[in-house]
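Let's take a stroll through this protein, looking at empty space and then at cysteines.

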Amino acid sequence: MPGNALYTDLSGYYDLMCADIDYRAQSHCIHRLQQLLGNGANRHLDLACGTGPHVRHFIDAGYQSSGLDINQPMLDRAAIRCPQACFSRQDMCSFTSTQPVDLITCFLYSIHYSASIERLKACIASVHAALVPGGLFCFNAVDKHTIDNRSFVSHSATHADGLFTFSSRWHYAGAGERQLLKLRIERTVSGQSQVWQDEHPMVAVSFSELSELLQPYFEVHVLEHDYQKIAPWDGVSGNALFACVKA
């Protein structure tokens, strides 16, 4: 497989890459937060929705769910998975919604794809404009000051195209508003391995900075990054779940 051909269209491998993610638990946790902190209503929009696994769970839970992403092949797969949903190709930092929604989600640290503080501000403003009063915005984030550049996560999965090993890690230089998401994909077929690597520019922000950006628009709740329970953030962990209620 020449060069980066494996990643020319990652949509075919996206679900495989995310095979270890408990989409059901994540979606159910946000549903509970919508009941506890939001308005309890069911119009939902998922930012950076990918192939739509979260949208599927929200639909099954009774939501009128929709999604947006900048990658059309991902959206094509999402439409097959969730024919009841409406999907649109939009940038989450400048999106518009045809009607106000009650709940907006952004899973898998995708809020960091804003890539800069200015674009993150624009994303927050777009979310605020799309929500009804009392609507809820939920996403997870990593604090730049806690990033260990040596730490990574990895898992392997078997596919018709071979054995795949996916690895990812954060990298932060220690200053500035940019961090990197470093990805490595290895495919092994008949004992022969091919490797693809890439770096995605992401916005670097501390939780205190992020809260300051959100507070003009929302009542901000910072929670433990644990989808099995709802608990206040311990003030130490580098990963957190933000639940933000529009005033």
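What follows covers the enclosed space first and the cysteines second.

This is a predicted model, where local features need pLDDT of at least 70, side-chain atom pairs count only at pLDDT 80 or more, and totals for chains, interfaces and linings use all residues. Residues are numbered from 1 along each chain as its sequence is written, and side-chain values use heavy atoms, with hydrogens and water left out.

The structure has 1 cavity of 30 Å³ or more (a set of points on a 1 Å grid over the protein atoms alone, where a 1.4 Å probe fits but cannot get out). The largest cavity comes to about 50 Å³, a volume being the space filled by probe spheres set on the points, which are joined across faces, edges and corners. Among its lining residues (those with an atom within 4 Å of a point) are Tyr14, Tyr23, Asp46, His54 and Phe107. Strand 1 (43-47) and helix 4 (53-60) each give two or more residues to that lining; helices (H or I, at least four residues) and strands (E, at least two) are DSSP runs, numbered from the N terminus.

Now for the cysteines. A search of the whole structure turns up 0 disulfides, meaning pairs of cysteine sulfur atoms within 2.5 Å. For Cys106, the nearest cysteine sulfur belongs to Cys123, 6.3 Å away. Cys244 has its closest cysteine sulfur in Cys138, and at 7.2 Å that is too far for a bond. Cys106 is buried, at 0% relative accessible area (buried means under 20%, exposed over 50%, partly exposed in between, with a 1.4 Å probe and protein chains only). Cys244 counts as buried too, with 0% relative accessibility.

Key: On a 1 Å grid over the protein atoms alone, a cavity is a set of points where a 1.4 Å probe fits but cannot get out, and a pocket is an open set with protein on both sides within 12 Å along at least five of seven lines; lining residues have an atom within 4 Å of a point.
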